[in-house]
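User: I'm a first-year student and I'd like a close look at one loop in this model. Could you walk me through it slowly, and then show me how the rest of the chain is put together around it?

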Amino acid sequence: MTSTPGSAGRTAATTPPPSDAPGRVRRFGRAERLVHRATAVLMLLCVATAACLYVPALAELVGRRHLVVTLHKWSGLLLPVPFLSGLASRPFRTDLRRLNRFGPHDRRWLRAALRRRGPGERPAGKFNAGQKLYAAWIAGAVLVMLGTGLLMWFTGLAPLVWRNGATFVHDWLALAIGVVLIGHVRMALADPEARRGMRHGTVERAWARREHPLWDPDRDGR
């Protein structure tokens, strides 16, 4: 069989990429993945620098306290930037609305999770109840950390008693965030397909039906 010049190029151009192959469905667009990645980097930098400031052994090992303090301050200030930038994306805003809705099926998911029942008894849309609670908690925690951090940084903003209270809240909430993040990472490590969805944007259709049976990816328009 012969082919005209350029026909191979046209055929290759129309071949769907592996990420859109049959059996896989689009879960996250580029904006969602970039926001998640940038937020993760900034959060990791915040936690790592905080550990270097509060754990004596790490402080001695790393040294250069002024640089560590500067990195901690600016990574904290920049933490909301990926989220605010993502608001320019329509799919990102759609996912935010999903995360903000908590319905009867979410309560059933929580009851089933507390009783350690399998995925078949945990009804979930694109995001399950655990993911919704985590997103709400971490968003609130970041706002509190930002506010208390500003009070600690700009000492002229408030009286001493306020700054002492801000330091107390900032330190203990930082510890709580560290514990929650460890749990978040452990759950991600236990679900390779969920990680692939966040890394590449697509997941196996069978995984989506099993873990998120109320989500219809074909109606997402992506």
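Analyst:
**Starting from a loop**

Let's begin at glycine 120, which sits in the loop between helix 7 (104–114) and helix 8. Before we go on, keep in mind that this is a predicted model. Is glycine 120 buried or exposed? Its relative accessibility is 80%, so glycine 120 counts as exposed, since the cut-off for that label is over 50%. Now look across the fold from there. Arginine 210 is 90 residues away from glycine 120 in sequence, yet their C-alpha atoms are 6.8 Å apart in space.

Stay in this loop for a moment, because arginine 116 lies between helix 7 and helix 8 as well. With 76% relative accessibility, arginine 116 also counts as exposed. Its backbone has a quirk: phi of arginine 116 is near 60°, a positive value in a residue that isn't glycine. To see why that catches the eye, remember that most residues other than glycine have a negative phi. You can find another case at arginine 64, where phi is near 45° and so positive in a non-glycine residue. Arginine 64 belongs to the loop between helix 3 (56–62) and helix 4. Its relative accessible area is 65%, so arginine 64 is exposed too.

Now let's step back and see what the loop is part of. The chain has 11 helices and 2 strands. Reading from the N terminus, the order is α-β-α-α-α-α-α-α-α-α-α-β-α. There are 222 residues, and 28% of them count as buried. Contacts between residues far apart in sequence play a big part in the tally: among contacts with a separation of 6 or more, 68% join residues 24 or more positions apart. The pair we met at glycine 120 and arginine 210 gives you a feel for how far along the chain you can travel, 90 residues, and end up 6.8 Å away, C-alpha to C-alpha. Proline 91 offers another such pair. It's found in helix 6 (residues 90–99), and its C-alpha is 8.3 Å from that of phenylalanine 28, 63 residues away in sequence. At 31% relative accessibility, proline 91 counts as partly exposed.

Follow the loop onward into helix 8, and you reach the inside of the model. Which residues make up the largest nonpolar core? There are 10 in all: Leu42, Met43, Leu79, Ile138, Ala141, Val142, Met145, Leu173, Ile177 and Leu181. Helix 2 (30–54), helix 8 (129–153) and helix 9 each bring at least two residues to this core. Helix 8 gives the most, with 4 residues. A second core, separate from this one, has 5 residues, including Val25, Val203, Ala208 and Trp215. As background, nonpolar side chains in soluble globular proteins tend to be buried together.

Methionine 145 is a handy guide to what surrounds that larger core. Apart from neighbours within four places in sequence, methionine 145 is in contact with His170, Leu173, Ala174 and Ile177. Alanine 176 is found in helix 9 (residues 160–189). The C-alpha atoms of alanine 176 and alanine 141 are 9.3 Å apart, with their positions 35 residues apart along the chain. Alanine 176 has a relative accessible area of 28%, so it's partly exposed.

Methionine 145 also turns up at a pocket. The second largest pocket has a volume of about 830 Å³. Its lining has 30 residues, and those nearest its centre are Ala50, His72, Met145, His170 and Ala174. Two or more lining residues come from each of helix 2, helix 4 (65–78), helix 8 and helix 9. Helix 9 has the largest share, with 8 residues. What is the lining like by class? It has 22 nonpolar, 5 polar and 3 charged residues.

One last check, on the cysteines. Cysteine 46 has 10% relative accessibility, so it counts as buried, and cysteine 52, at 16%, is buried as well. How many disulfides does the model have? The count comes to 0, going by a cut-off of 2.5 Å between cysteine sulfur atoms.

Conventions:
Residues are numbered from 1 along each chain as its sequence is written. This is a predicted model: local features need pLDDT of at least 70, side-chain atom pairs count only at pLDDT 80 or more; totals for chains, interfaces and linings use all residues. Side-chain values use heavy atoms; hydrogens and water are left out. Buried means under 20% relative accessible area, exposed over 50%, partly exposed in between (1.4 Å probe, protein chains only). A nonpolar core is a set of buried Ala, Val, Leu, Ile, Met, Phe, Trp, Tyr and Cys residues joined through side-chain atoms within 4.5 Å. Contact means heavy atoms within 4.5 Å. On a 1 Å grid over the protein atoms alone, a cavity is a set of points where a 1.4 Å probe fits but cannot get out, and a pocket is an open set with protein on both sides within 12 Å along at least five of seven lines; lining residues have an atom within 4 Å of a point. Grid points are joined across faces, edges and corners, and a volume is the space filled by probe spheres set on the points. Ala, Val, Leu, Ile, Met, Phe, Trp, Tyr, Cys and Pro count as nonpolar, Asp, Glu, Lys and Arg as charged, and the others, Gly among them, as polar.
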